[in-house]
Amino acid sequence: MTTTERRLDTAELTERVKGMYQEVALHPEHEFHFETGRPLAERLGYPAADLDAIPAAAIDSFAGVGFFLDLAAIAPGEVVLDLGSGSGTDSFLAALAVGEGGSVIGIDMTAEQLAKATDLAADSGIANVEFREGQIEEPPVEPGSIDCVISNGVINLSPDKPAVFAVAAVALRPGGRLAIADIVSAKQLPAGVTCDASLWAACIGGAMQRDLYVKTIEAAGFEILELRENERYRFISDRADSATQKYGVVSLSLLARRRQEGSR
Ligand SMILES: C[S@@+](CC[C@H](N)C(=O)[O-])C[C@H]1O[C@@H](n2cnc3c(N)ncnc32)[C@H](O)[C@@H]1O
């Protein structure tokens, strides 16, 4: 098959992504193309005291790519939507920030991640967070009901990123925030990388070219307020590392605001 004939099989991709993150939920001690767990979270900038306040087993399966909760600046009473909540690290931290008067909805498509996060919330008595099964391209939430959409290391995994940013804008109230960490690339990735479901599931193959990523967010109705590179994030397998070096694959954290109707 020639390069131009290669196509990403999205059904296969979804199964590979679910398979990989099922393993992250059930066996976080296994080796992946990427780091997981508390040492990663602390190196990315998550304050140790905050991590101490949430279930340790959630952090064992943490597979985020950057710290962004300082940008999110979640306030008491807010409603937060976590796209691709995994085993729940960011959702639990958001639940602490919103307090009893607020709430957090985590969305994920991998049953084992959802089950783990849901059990941990129940066991720890964290009542203001709920984990729902769903696709980040079609999150099961009321339009205009969310103050802040968060997401960590997930949107790169979607074959339809414009749809994810569009539905995030619809879910947010006007003026609501989008605060995320994600993987992008300096150069457009070639089909040999984007059509490799294993590299895609490892958060590399789906990386969108950085300028296009920013334009896609803006086109969905957001104004970007802050953007920074997470230099402390790295991939660990040789294969992943060589693709990241060659194509300038990096982690970004960013904050954007949904534009009010009629504003530019
Ligand atoms: C890299 S992990 C990050 C999990 C979590 N945000 C964290 O920081 O630990 C990606 C998560 O996104 C979920 N995911 C990937 N693509 C998805 C999609 N299209 N819809 C819903 N969940 C998705 C996976 O099941 C997995 O739990």
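This note comments on the ligand site and on the confidence of a predicted model.

1. Confidence. The protein chain has an average pLDDT of 93, and 96% of the residues score at least 70. Residues 1–5 are an exception to be noted, with pLDDT below 50. Beyond near neighbours in sequence, this stretch has two contacts in the model. Where pLDDT is low, the predicted coordinates should not be read in detail.

2. Location of the ligand. The ligand occupies the largest pocket. Around the ligand there are 22 residues, of which Ala63, Gly84, Asp108, Thr110 and Ile136 come nearest.

3. Character of the shell. The residues of the shell around the ligand comprise eleven polar, eight nonpolar and three charged.

4. Polar contacts and burial. Two contacts involve the protein backbone: a polar backbone atom of Ala63 lies 2.8 Å from an oxygen atom of the ligand, and a polar backbone atom of Gly84 lies 2.8 Å from a ligand nitrogen atom. A side chain also takes part, with an N or O atom of Gln113 at 3.0 Å from an oxygen atom of the ligand. Taken alone, the ligand exposes 590 Å², and the protein buries 98% of that area.

Definitions and conventions
Residues numbered from 1 in each chain as written. Predicted model: local features only at pLDDT ≥ 70, side-chain atom pairs only at ≥ 80, totals over all residues. Heavy atoms only, no water. Near = heavy atom within 4 Å. Polar contact = N/O pair within 3.5 Å; in protein donor to acceptor, adjacent residues only side chain to side chain. Areas by Shrake-Rupley, 256 points an atom, 1.4 Å probe, with all protein chains shown as cover. 1 Å grid on protein atoms, 1.4 Å probe; cavity = no way out; pocket = protein on both sides within 12 Å on 5 of 7 lines; lining within 4 Å. Sits in = over half its atoms within 2 Å of the grid points. Nonpolar A, V, L, I, M, F, W, Y, C, P; charged D, E, K, R; others polar. pLDDT = per-residue confidence, 0-100. Contact = heavy atoms within 4.5 Å.
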